[in-house]
Amino acid sequence: MYVISMTSPKGGAGKSTATISLAGAISKKATVCIIDADPNFPIDRWKEMGGNVENITITKNIDEHDLVDQIEDARKKFKFVIIDLEGSANLRTAYAVAYSDLVLIPTQPSTLDADQAAKAVRLIKAESKKMGKHIPYRVLFTRIPNYKTRTYKHLEDQLDSANIPYMKTHIRDLEAFRAIFSFSQTFDQMDEKQVPNIKAAQKNTLEFAKEVITILKTERTKKEK
């Protein structure tokens, strides 16, 4: 069983969209539980507005002190647990990070977002030190245009210089990703006549999910040695 946390100190980074996209791709072959631990409960609202996918169970965390029990319970029942977090340095984030096999930090290609992502990295490292264990993490670039901007390339160089790992697969800036919340649907449920770029978004998300699973398996192998 694997636990993945999505955290971003900055709103609008595409955190909840990435969560649903990833869960949708993984659910084709495995069971997934999404724990909505963002106090705004965007994914729970998505479910209430009609979001319903086979193999995906969505639950929300009301009391941060119950989060560890929720994670442990979900790990026993589902192959994958994805936690959607607010991202600030609070108990929810600390608990989720401590129990995660991988932490993803969605970040748009801007200096402001990169600065906020650095805060999340510091939080993860602090929790890793406190727990006395390695907690894998990756920055996830979101809303990336088809061309590589100077800012985008500069941010990659900055991460490389700081030895901060990032996902090689980036979430592209496609209308289909925005439609996830507009229609409360995953790509498989959307109508191609209403939403453009569905196939491109499906391919992008599948590549994202494959990279995530590869990282998880690699990290677990290292841990078991």
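These questions and answers walk through a predicted model, from its sheet to its helices and single residues.

Q: In what order do the 6 strands of the open sheet lie?
A: The sheet is open, and its pairing is parallel. The twist averages 20° from one strand to the next. The order is β3-β2-β4-β1-β5-β6.

Q: Which are the edge strands?
A: An edge strand pairs on one side only. In the order β3-β2-β4-β1-β5-β6, that applies to two strands, β3 and β6 (137–141).

Q: Over how many bridges do β2 and β4 pair?
A: The two strands run in the parallel sense. One of the paired positions joins Ala37 to Leu85 in β4. The count for β2 and β4 is 6 bridges.

Q: Which residue of β3 stands opposite Cys33?
A: β2 and β3 pair in the parallel sense over 5 bridges. Cys33 faces a residue of β3. That residue is Thr57.

Q: What is the hand of the β-α-β unit made by β2, α2 and β3?
A: β2 and β3 are parallel partners. Helix α2 (residues 42–48) belongs to the unit along with both strands. The unit is right-handed.

Q: What angle does the direction of helix α1 make with that of β4?
A: Helix α1 (residues 15–26) packs on the sheet. It touches β1, β2, β3, β4, β5 (102–107) and β6. Its direction makes about 170° with that of β4.

Q: Which strands does α3 touch as it packs on the sheet?
A: The direction of α3 makes about 170° with that of β2. β2 is among the strands touched. The full list is β1, β2, β3 and β4.

Q: Within what arc do the buried residues of α3 fall?
A: In helix α3 (residues 67–77), Leu67, Val68, Gln70, Ile71 and Ala74 are buried. Seen down the helix axis, these residues line one face, because they fall within an arc of 160°.

Q: Which residues are exposed on the other side of α3?
A: In an α-helix, residues three or four places apart point the same way, because there are 3.6 residues a turn. Leu67, Val68, Gln70, Ile71 and Ala74 are the buried residues of α3. The exposed ones, on the other side, are Asp69, Lys76 and Lys77.

Q: What covers the buried residues of α3?
A: Part of the cover comes from strands: β1, β2 (32–37), β3 (56–60) and β4 (80–85) are included. A helix is also included, namely α4 (91–98).

Q: With which side chain does the side chain of Ser5 make a polar contact?
A: Ser5 lies in strand β1 (residues 2–6). It is buried, because its relative accessible area of 0% is under the 20% cut-off. Its contacts beyond four places in sequence include Ala96, Val97 and Leu102. The polar contact, at 2.7 Å, is with Ser100.

Q: How many Å is the polar contact that joins the side chains of Asp84 and Lys15?
A: Asp84 lies in strand β4. It counts as buried at 0% relative accessibility. Its sequence-distant contacts include Lys15, Ser16, Thr19 and Asp36. The polar contact between the side chains of Asp84 and Lys15 is 3.1 Å.

Q: How far apart in space are Ile34 and Leu216, C-alpha to C-alpha?
A: Ile34 lies in strand β2 and is buried, with a relative accessible area of 1%. Beyond four places in sequence, Ile34 touches residues including Thr19, Ala23 and Ile82. Ile34 and Leu216 are 182 residues apart in sequence. In space they are 17 Å apart.

Q: Is Phe41 buried or exposed?
A: Phe41 lies in the loop between β2 and α2. Its phi is positive, about 50°, although it is not a glycine. Its relative accessible area is 16%. That is under the 20% cut-off, so Phe41 is buried.

Q: Is Asn163 buried or exposed?
A: Asn163 lies in the loop between α6 (150–161) and α7 (175–183). Its phi is near 60°, a positive value in a residue other than glycine. Its relative accessibility is 66%. That is over the 50% cut-off, so Asn163 counts as exposed.

Definitions and conventions
Residues numbered from 1 in each chain as written. Predicted model: local features only at pLDDT ≥ 70, side-chain atom pairs only at ≥ 80, totals over all residues. Heavy atoms only, no water. Helix = DSSP H or I, 4+ residues; strand = E, 2+ residues; numbered from the N terminus. Buried < 20%, exposed > 50% of the residue type's maximum accessible area, 1.4 Å probe, protein only. Polar contact = N/O pair within 3.5 Å; in protein donor to acceptor, adjacent residues only side chain to side chain. Contact = heavy atoms within 4.5 Å. Arc of directions from axis to C-beta. Pairing = 2+ DSSP bridges. Axes fitted to C-alpha atoms, helices over the stretch in contact; angles between N-to-C directions. Right-handed = clockwise from strand over helix to strand, strands pointing away.
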